[in-house]
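Here are three short exercises to work through with the structure in view. Try each task before you read its solution.

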Amino acid sequence: MHAPSSPEWPVPVSVSPDKLASIQAEFSKGWADMLFQAQQGTLAPPSDRRFKSNAWAANPYSLVMAHAYLLSGKAIQQMVDAAQLPERARERLRFTCMQWVEAMSPSNFLATNPDVQQRMLDSRGESLRAGLNSLWADIQKGRITQTDETRFKVGQDLALTEGQVVYENRLMQLIQYAPLTSTVHQLPLLMVPPCINKFYILDLQPHNSFVRHAVEQGFTVFMVSWRNPQAADDDGIDTATWADYLQEGVLEAVQAVRDITRQKQINALGFCVGGTLLASALALAKARGEDPVASLTLLTTLLDFSDTGVLDVFVDEFHAEARECQLNRGGLMSARELATTFSFLRPNELVWNYVVDNYLKGQAPQAFDLLFWNADGTNLPGPFFTWYFRNAYLENRLKAPGHVKIDGHALDFGSLSMPAYIYGSREDHIVPWRSAYASTALLRGPMRFVLGASGHIAGVVNPPSQGKRSYWAAPGAVPHADMPGDPDLWHAQCTEHPGSWWPDWSQWLAAHSGPRKKASGKLGNARYAPIEPAPGRYVTVRSQ
């Protein structure tokens, strides 16, 4: 992970005397109350899950240390909030302090974690030996192991929906899935996943596969499977650009789906960066006078990068220029670096709990399909990454009509007037839901916005069979002009519905997919003959 660069605040940072006195007074009172309770033997374990075990409760010194740590961390965050800084600089300082506070938790160290010490005594040192073995194995891998990776193999345990690769080029493979119903909707559906990760987040296992769900609803589904560039590749993929991904990736896939299904228009879905690529590619097609898509689904997608949440701490001119010097002429932005950065956005959940469980307690990680996928990242071509970083995250040029041109064609999201289904996750730290909602101001067709519970991935992968979570929606789809400009006003008009949003989306998509017809047992056609069974070989290439 690279620390936020080019600080924008003066040194030293000041806090007004009255606010500083208030923070000091609150801290002193909390400290005195804690010591009094400790002396009386009434000090209870903190509510923080890191300190809730019996070992912490039974050790008065450790309990005091845990409370002192939490008090100190709270005071540090209060001082950041009170600092006289521009808000952008405050967010960077808040992020930096959060990293240090989380790293310094007494639960993270053998000498100060009574739970770890008790486990070591009970196991006669076996837990420490196992932990050291796990640490050494992860040092060799260059990353923290978050799940039992021996339990999963792509194509054997994950990405199991039956289909065939029917087209491929240097950037992607196109998968067509076999029908599971006797009749299917006339218009097919193309899914465009993020190229920063593997597509099988949408096709994990049969019980939680979004792909399988869509096929079971009678949709003819196609999937883009992005290639994972490697340092040893010698075909120039490391010089691929944003324009290449739009044209050779998305638009070639769109054309192949149209040709195979003999449809003038298709439906298309984009997830995260895949949604940004898809909308950009469709705007490019419109600029060329083409209209290949009848309806558009965007899942946790940014088109307007005004608010990119916690990722904004990494975005500045200094970082953009450094990456351009490093990668503009070619090379790879490594999956390992990207994964480390994303993990440290939520260090308690994605870093330090694994340090404690794996290395200090010597516990073997449990098998979890989503975390296996999370560890199976992809490298990105350098020019693609630097263009995306500058033009989207730094300068937010995609949302402005005509500010981005591809081969002389000006992109304008306002030219996209097809019906749109836009989904955001309420607790998403990658694509804040209000930023996902901002797409409603850019597109021009009738639209339906749906807000799901949970985060960036868990909110999307929420099958109806599990009966989990909920979603918020207003009745029906509405014209672009009738969508509230304020996302909170939209939310105030919504109803919460229990369970998954998938059936809501399926019903909406069915209304834009034409009549049903007899399903064909043949995949591809004479021009697009099957190459290999799904999930194909591109998705099985792991980053080193």
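**Exercise 1.** Find the residue in β5 that stands opposite Met191, and work out how strand β4 sits in its surroundings.

*Solution.* Start with the partner: Met191 faces Met223 of β5. This is a predicted model, in which local features need pLDDT of at least 70, side-chain atom pairs count only at pLDDT 80 or more, and totals for chains, interfaces and linings use all residues. Residues are numbered from 1 along each chain as its sequence is written, and side-chain values use heavy atoms, leaving out hydrogens and water.

Next, look at the pairing: β4 (residues 189-192) and β5 (residues 221-226) run parallel and are joined by three bridges; strands pair if DSSP finds at least two bridges between them. Strands here are DSSP runs of E, at least two residues, and helices are runs of H or I, at least four, numbered from the N terminus.

Finally, check the faces. In a regular strand, side chains alternate between the two faces of the sheet. Leu189 and Met191 lie on one side of β4, Leu190 and Val192 on the other, and all are buried (under 20% relative accessible area, with a 1.4 Å probe and protein chains only).

**Exercise 2.** Count the disulfides in the whole structure.

*Solution.* A disulfide is a pair of cysteine sulfur atoms within 2.5 Å. The search finds zero. For Cys272, the nearest cysteine sulfur belongs to Cys195, 9.1 Å away.

**Exercise 3.** Decide whether Cys272 is buried or exposed, and do likewise for Cys494.

*Solution.* Cys272 has a relative accessible area of 12%, so Cys272 is buried. Cys494 comes to 14%, and therefore also counts as buried.

Notes
Buried < 20%, exposed > 50% of the residue type's maximum accessible area, 1.4 Å probe, protein only.
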